[in-house]
Every structure is written in C-alpha cells, then in structure tokens.
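Trainee: I should like a close reading of a single part of this model, together with whatever packs around it. Please begin with how far the coordinates can be trusted, and then work outwards from the part you choose.

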Amino acid sequence: MPWLLSSQSERLSSSPSERQCERTSFSFYCAVREQLPVWLLEDMRSMEVFSWEDGHPRAFLPSEALLYALIHDHQDYARYLLDKYSLSALRPPRCSFCCCRSSGAQHLTMAVRYDRVSILGMMVETLKDCDSQSAQRDYLDSCGGCSHVADAGKTAVQLAVELSRPECLLLLLVHGAPPAGLDSALQRLVSSEEMDRRHAQRCLDFLLLFLPEPPTLRCLRDEPHRWQSLLGKEVFSWLCGLAPPPLLLQALRCLARSGPAQISALPNFLQPHSWQ
C-alpha cells in the first residue's frame, strides 16, 4: 500500500518481512512518480520490489506496475509494459484489501479516471491481441471489481460519460466498446457548469455517433420543449423515434468508425455538434 506513510504501514504490518515489502513497494511507487528511466524501474520491479501475498513475498506483476504508470502518466513505462507483456499487463491485479482477484477492466477505468488519453490509446491497441473480437468487446464492456474499489460496477464508457472525458470515450467507442450511458450524458449536459458543458456535449455527440438505435428515454417525453431546445429538432425527433437520424450524423458515423483522429481533424462546421 504505497499511499501509506511509513509509520502507518509499520503499525499495520505484522512481521519484518512484510514491513520490508511495504517499504520497497513505496520506493517503487516513488520511482515511477519521479519518471525514472524504464530500465531502472524494471530492474527494481523484478529484483528489488516485493508484494506480500499469502504469507510470502513476490515480485511486482507487470499489471501492478502498469497501474502505477497510469497514476503518474509515465507513458514510456506503460508502453514498455504493454509491448513486452501484452495482455498479461492488463490482467486485473489482486485486491490489496480483501485479497481476492479483481475482475473487470480496472486499468481502463483508472485511465479514464485520471484522463490518461495516451496510455488508454496504447491499451486499446494492445487489446487487438485478444483471441477474438468478442473477447475484446467483453473486456471493454466489463465493470470494475470489488465493491470497495472506486468506480466498481461501472464500465469505462459509463465512467467516461459521467466524468465528461470525450477523448477517452471516443477511443473506447472506436475500438468496439458498446455505447452506454446516454441518459447520464443528457443529465450531465443540463447539470454541468458552463465551463464543463462543452465536454459533456462532445460526450453526448460521440455516443449518438455509435448508437445503433436510440433507447426509450422518459426524460424526453416528460419535458419535450426543454430537450428540443437543447438537442435541436432533428436529434430530438430521432431520439423520440419520430424521425430518422440527421443526414450529417449518418455520414459522420462511417468516418468515426475509422478512427478518432478522423473526427478530431474535421473543421468546426463539420464537428458532430453541427448537426443540431
């Protein structure tokens, strides 16, 4: 538990060996935070840093090191771990609180939480090494692990919508994550401060690009005038099932699926918000 002070960790530990593991673990955490060279971090991870598990010390796993790289945005180290260990670097690490093996895509949700767009891009590219597209989609659509873990029960897409992380959301959607959280996106649009509303709007736009069919949303029926003024007549009518999707939206769908850079490079008058 590297976030504990040394005096706190000593009170929690029951043996000198376990305390030594905690000290080396904290040293490794600090080394990643200081953006030390990759070769030095790997030497530390494989030869000096230990984690305490089932009464025995063990070396830090690549998946655990990747979490540290995510927290501190050490892009070179994240790239090395993903290039060398591929999918094993994305395996959910064992939970340090309840000692169970976490499930779900903890690395993806953490990348969204910390807004690590570059490392998230590396991870979704690594997912192409999955045995099948179905396995890749299952990973992208998996929820967090233990109930006490932050963001548990949420997919990376849902979290990106809740936190208004449009770049993260587009990366996930382009690589096959199912679009979800449209209702949350609409609520974020009306509840966000003016400074954050632009990000909330882009998240909504990206979800609309990848939605095969609009779901039934009660809020649209309850307050039609309010939502029509926010969404525009064409989008509102489509979401209510009264009209086909706008022509520009249909055209941009094909472009969006070819990669996030294609959408970002569009001039402003062709950006998704312009169909409203």
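Mentor: This is a predicted model, and its protein chain has an average pLDDT of 82, with 80% of the residues scoring at least 70. Confidence is highest in helix α5 (residues 75-85), at a mean of 98, and lowest in helix α1 (residues 6-12), at 44. The pLDDT is below 50 over residues 1-11, a stretch that has 16 contacts in the model beyond near neighbours in sequence. Where pLDDT is low, predicted coordinates should not be read in detail. I therefore leave helix α1, with its mean of 44, out of the close reading. The part I choose is helix α4 (residues 62-71), together with its partner α5, the helix of highest confidence.

The setting is as follows. The secondary structure of the chain comprises 17 helices and 2 strands. The chain has 276 residues, of which 48% count as buried. Among its contacts with a separation of 6 or more, 63% join residues that are 24 or more positions apart.

Helix α4 itself is mostly covered, with 10 of its 10 residues buried. The buried residues are P62, S63, E64, A65, L66, L67, Y68, A69, L70 and I71. The list thus includes the charged residue E64 as well as leucines such as L66, L67 and L70. After α4 comes D73, which has a positive phi, near 55°.

The pairing of α4 with α5 can now be described. Two packed helices are characterised by the angle between their axes and the distance between those axes. The axes of α4 and α5 come within 9 Å and cross at roughly 155°. Since an angle over 145 degrees counts as roughly antiparallel, α4 is roughly antiparallel to α5. The crossing of the two helices is left-handed. On the α4 side, the residues that meet α5 are P62, A65, L66 and A69; on the α5 side, their counterparts are Y77, A78, L81, L82 and Y85. In an α-helix there are 3.6 residues to a turn, so residues three or four places apart point the same way.

Within α4, S63 merits separate attention. S63 has a relative accessible area of 3%, and because this is under 20% the residue counts as buried. Apart from neighbours within four places in sequence, S63 is in contact with S88, A89, R91, P93 and H107. As for α5, the C-alpha atoms of S63 and A78 are 9.9 Å apart, with their positions 15 residues apart along the chain.

From α5 one can work outwards in two directions. The first leads through Y77, one of the α5 residues that meet α4. Y77 is also touched by L41, a residue of helix α3 (residues 38-48). L41 is buried, with a relative accessible area of 0%. Beyond residues up to four places away in sequence, L41 touches F28, A31, V32, L36 and H74 as well as Y77. The C-alpha atoms of L41 and F28 are separated by 7.4 Å, although the two residues are 13 apart along the chain. In the loop between α2 (16-33) and α3 lies Q35. Q35 has a positive phi of about 60° and is not a glycine; at 39% relative accessibility, it counts as partly exposed.

The second direction leads through L82, another α5 residue that meets α4. L82 is also in contact with T126, and so are S86, L87 and L90, neighbours of T126 within four places in sequence being left aside. T126 belongs to helix α7 (residues 117-126) and is buried, with a relative accessible area of 8%. A polar atom of the T126 side chain lies 2.9 Å from the backbone oxygen of M122. The loop between α6 (106-113) and α7 holds D115, which, though not a glycine, has a positive phi of about 60°. With a relative accessible area of 34%, D115 is partly exposed.

For comparison, consider helix α10 (residues 166-174), which is largely enclosed by the rest of the structure because 8 of its 9 residues are buried. Among them are P166, C168 and V174. G176, with a positive phi near 110°, follows α10.

Methods
Residues numbered from 1 in each chain as written. Heavy atoms only, no water. pLDDT = per-residue confidence, 0-100. Helix = DSSP H or I, 4+ residues; strand = E, 2+ residues; numbered from the N terminus. Contact = heavy atoms within 4.5 Å. Buried < 20%, exposed > 50% of the residue type's maximum accessible area, 1.4 Å probe, protein only. Polar contact = N/O pair within 3.5 Å; in protein donor to acceptor, adjacent residues only side chain to side chain. Axes fitted to C-alpha atoms, helices over the stretch in contact; angles between N-to-C directions. Parallel < 35°, antiparallel > 145°, perpendicular 65-115°, else oblique. Left-handed = near helix turned anticlockwise from the far one by under 90°.
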